[in-house]
Structures are given as structure tokens and as C-alpha cells.
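Here are a few notes from one colleague to another, meant to be read with the model open. Please follow along in the viewer as you go.

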Amino acid sequence: MPDDVEFGAATRPLSLDVEQVGNGEVRHLRYARRPQLTVDGSIDGHVWTARDVTQQHFAEDMREQFVTAATHELRTPLASICACAETLVEKDEIDREQQKQFYNTIHSEASRLGRFIDDLLDVSRMQAGSLTLDSHSTELDRLVTETADKVRPLMETKQLAFQVELPSKLPRLSLDKGKISAALVNLLGNAAKYTP
């Protein structure tokens, strides 16, 4: 790549990201130029390097998508909690059954927020390489049944047919019950969210 005026002063190290498309594939290359200096400080030429930073760009895009999705995931339960709380405050007469419904919604959405915050902390720990597993001997059928009970109200709200079928005998496994349960809740929650 030639040295020319668009890269600025010749004595400065410079970096330029270029997107290249070929064979239906997008690659991101980072070209960097560093001046090669002599003993007396004059420029004796330049060293050019090209580095493939496609994965870095991909990670940045994924991070942006994650932040957007996280914002949406936080706003939805907060909106439900606020709506229920406002109704409870503003309405003079609410029958006992409706009150119970509002309290249940507030509780369930607050729990959802708590789980989401735990997920965010887990992601942060994974990135820092400090995520630990708390493995214990666990009954799989009980784990699956308890997890299904957590998401059943969501399935009913969406009017989706939801049933759990397990083999007659499942082994006990050593695993992190909380993290497996959270993964299943997320998976089933997405199934409920995106099923017409």
C-alpha cells in the first residue's frame, strides 16, 4: 500500500480498517503503517502490516446486539411491574382476585429481572474467565419438572400447548443445577416468545 497524503504525516504511525468482500464473504482487515527511523531520527521508510480483524468486528457487532436485546429484555418486565403498581395505587376498588393477579405479575416479572441480572453477571464472569460451576448430584427428572413449572405460566399466557415427556428412569448427574435450569428457562422462554 503506498504512502500518500490521505494517511497524514509520514512520521506518524497510522491504522486503517478496510472491509473486503469476496466469494460471498466479508472480511475486515486492519492496515497499519509505522515509520522506520534511522539513528538520527530521520525516516528510512515505512513498515506496513495487515491483520485480519474480522472476529473482532464480529464480537463488537454481537456486543451491540446484546446491549440492544438486554435493554429490551429489561424494559419489558419493568413496564409490566410499573403498570401493575400504578393500577394498584390508582384504582379505588379492586377485587381480591384482581389484586392477587397484579401481585403475582409483579412477583413473576421481578423474578425475571433477577434471573436476567444473574445471566448478565455470568456473561461478565465468563469474559473475565472467573465463572465457577457449583456441581452437585442432581435428579434430572426433578430439575426438568421444576424448570417446566417456572415457564408454564408464560406458555399459558401465550396460549401454547406445552407438555413434558420424560423417560421412566433418568440418571442422577453431577451438574450446576442453577445454571442448567437458567439455560432451559431461557431456551423455553425464547420458544414461547417466538412461537406464533
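1. Let's start with the cysteines. A disulfide here is a pair of cysteine sulfur atoms within 2.5 Å. Keep in mind that this is a predicted model. By that rule, the count comes to 0 disulfides. Why is there no bond at C82? The cysteine sulfur closest to that of C82 belongs to C84 and is 9.6 Å away, which is too far for a bond. C82 is partly exposed, with a relative accessible area of 41%, whereas C84 counts as buried at 7% relative accessibility.

2. C84 also belongs to the buried set of helix α1, together with T54, H57, A70, P77 and I81. This helix runs over residues 54-90. Its 37 residues should span 54 Å at 1.5 Å a residue, and because the end C-alpha atoms are 54 Å apart, the expectation and the model agree.

3. Next, please look at helix α3, residues 140-157. Its 18 residues should span 26 Å, and the end C-alpha atoms are indeed 26 Å apart. Even so, there is a kink of about 40° at V151, shortly before the proline P153. Just after the helix comes Q159, with a positive phi near 55°.

4. What covers the buried residues of α3? The cover includes the strands β4 (136-139) and β5 (172-175), along with helix α4 (177-194). The residues being covered are L140, L143, T147, A148, V151 and M155, so the kink residue V151 is itself buried.

5. Helix α4 has 18 residues and reaches 26 Å from its first C-alpha to its last, close to the 26 Å expected. Its buried residues are S181, V185, G189 and A192. They cover an arc of only 70° around the axis, which puts them on the same side of α4. The background is simple: an α-helix has 3.6 residues a turn, so residues three or four places apart point the same way. On the other side of α4, L187 and Y194 are exposed.

6. The start of α4 deserves a look too. There, a side-chain oxygen of D176 reaches to within 3.3 Å of the backbone nitrogen of G178.

7. Finally, a word on R30, which is found in strand β2 (residues 25-37). Its side chain makes a polar contact with the side chain of D17, at 2.6 Å. Leaving aside neighbours within four places in sequence, R30 is in contact with S15, L16, D17, T49, A50, R51, V53 and Q56.

Key:
Residues numbered from 1 in each chain as written. Predicted model: local features only at pLDDT ≥ 70, side-chain atom pairs only at ≥ 80, totals over all residues. Heavy atoms only, no water. Helix = DSSP H or I, 4+ residues; strand = E, 2+ residues; numbered from the N terminus. Expected span 1.5 Å × (residues − 1). Buried < 20%, exposed > 50% of the residue type's maximum accessible area, 1.4 Å probe, protein only. Bend = angle between axes of the 7 residues up to and from the residue. Contact = heavy atoms within 4.5 Å. Arc of directions from axis to C-beta. Polar contact = N/O pair within 3.5 Å; in protein donor to acceptor, adjacent residues only side chain to side chain.
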